[in-house]
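Here is a friendly walk through one protein model, written for someone who likes cut-offs stated plainly. Please keep the viewer open as you read.

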Amino acid sequence: MRTEGSFNGLSHARRRAFVAEDGTAAFVCPNCEMSRNVPVFSFRGNKHSINIRCRCQETFTIDLDFRKSHRKITKLSGFYEISSGGGGRAEISDLSREGLGFIVSGIHNVRVGQKLQVNFALDDKNNTPLNKTAVVRSVDQNRIGCEFKKDQAFEKGLGFYLRT
């Protein structure tokens with residue numbers, strides 16, 4: 001069963017494929033739902049989107065995700081504090097075992113390499129509170145990407161949350 005329309009054989013919606021440690025990604029055709037594992041490690045670093053043509057002749061675009069772990073899209077309220085001073089409100093937009101991305105409103109002084117303290121609660125049944133130390137890895141206007149410090153204990157609540 002076809003779930004989305006196409007224009008000239010190219011699907012409208014882009015799909016994301018997580019690249020496994022062995023350098024393969026699983027692709028599922030949006031038309032016939034046939035899946036296959038394809039080696040994609042050669043695309044790392046230079047190309048993250050590829051066009052796939054299925055046996056059924058459907059053509060679709062896949063965005064390759066080379067992250068170490070799955071990133072879950074969220075909309076959680078929280079706060080951040082920069083170790084050198086400053087901080088404010090944050091909307092946690094995505095979360096993984098290794099890091100998070102958040103949006104700040106207004107002018108900020110967050111820079112790549114700074115250490116942050118990020119406080120927020122998960123939207124699970126326990127509203128699990130998290131207080132994470134992170135290092136800023138990317139700043140794109142008001143979107144901040146961070147990596148958690150490696151010496152922190154892993155919270156079981158976060159692990160369970162990411163699987164749901």
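Of the 164 residues of the protein, 39% count as buried, where buried means under 20% relative accessible area, exposed means over 50%, and partly exposed lies in between (1.4 Å probe, protein chains only). This is a predicted model, in which local features need pLDDT of at least 70 and side-chain atom pairs count only at pLDDT 80 or more, while totals for chains, interfaces and linings use all residues. Residues are numbered from 1 along each chain as its sequence is written, and side-chain values use heavy atoms, with hydrogens and water left out.

**Confidence**

The average pLDDT of the protein is 83, and 85% of the residues score at least 70; pLDDT is the predictor's confidence in each residue, from 0 to 100. Residues 1-12 need some care, as their pLDDT stays under 50. The model has 29 contacts beyond four places in sequence for residues 1-12, a contact being heavy atoms within 4.5 Å. Where pLDDT is low, the predicted coordinates should not be read in detail.

**Overall layout**

One helix and 13 strands make up the list of elements. These are DSSP runs, numbered from the N terminus: H or I over at least four residues for helices, E over at least two for strands. Along the sequence the pattern reads β-β-β-β-β-β-β-β-β-β-β-β-β-α. Among contacts between residues at least 6 apart in sequence, 49% join residues at least 24 apart.

**Strand β10 and its partners**

Which strands pair with β10? On one side of the account is β9 (residues 87-95), which runs antiparallel to β10 and is joined to β10 by four bridges. Two strands are said to pair if DSSP finds at least two bridges between them. A hairpin of three residues links β9 to β10, and L95 stands opposite L100 in β10. The other partner described here is β13 (residues 143-148), which pairs with β10 in the antiparallel sense over five bridges. In that pairing, G101 stands opposite G145 in β13. Strand β10 (residues 99-103) has four of its five residues buried, so it is largely enclosed by the rest of the structure.

**Side-chain links**

The model has two salt bridges, each being a side-chain nitrogen of Lys or Arg within 4 Å of a carboxyl oxygen of Asp or Glu. In one, R143 meets D94, and their closest N and O atoms are 2.4 Å apart. Because R143 lies in strand β13 and D94 in strand β9, the pair ties together parts that are 49 residues apart in sequence. R143 is partly exposed at 27% relative accessible area, whereas D94 is buried at 6%.

The other salt bridge joins E147 to R137, with the closest N and O atoms 2.7 Å apart. E147 lies in strand β13 and R137 in strand β12 (residues 129-140), so this pair ties together parts that are ten residues apart in sequence. E147 counts as partly exposed, at 22% relative accessibility.

Strand β7 (residues 59-65) contains T61, and D63 lies in β7 too. T61 is buried at 10% relative accessibility, and D63 is buried at 16%. Both take part in polar contacts, listed below. A polar contact is a pair of N or O atoms within 3.5 Å; within protein, one must be able to donate a hydrogen and the other to accept it, and residues adjacent in sequence count only if both atoms are side-chain atoms.

| Residue in β7 | Side-chain partner | Distance |
|---|---|---|
| T61 | N51 | 2.8 Å |
| D63 | S49 | 2.5 Å |

**Cysteines**

How many disulfides does the structure hold? The count is zero, with a disulfide taken as a pair of cysteine sulfur atoms within 2.5 Å. C32 is in no disulfide, and the nearest cysteine sulfur, that of C54, is 3.6 Å away. C32 counts as partly exposed at 36% relative accessibility, while C146 counts as buried at 5%.

**Backbone in two loops**

Finally, here are two residues to look up on a Ramachandran plot. E33, in the loop between β4 (24-28) and β5 (35-39), has a positive phi of about 65° although it is not a glycine. Q141 sits in the loop between β12 and β13; its phi is near 55°, again a positive value in a residue other than glycine. Q141 is exposed, with a relative accessible area of 67%.
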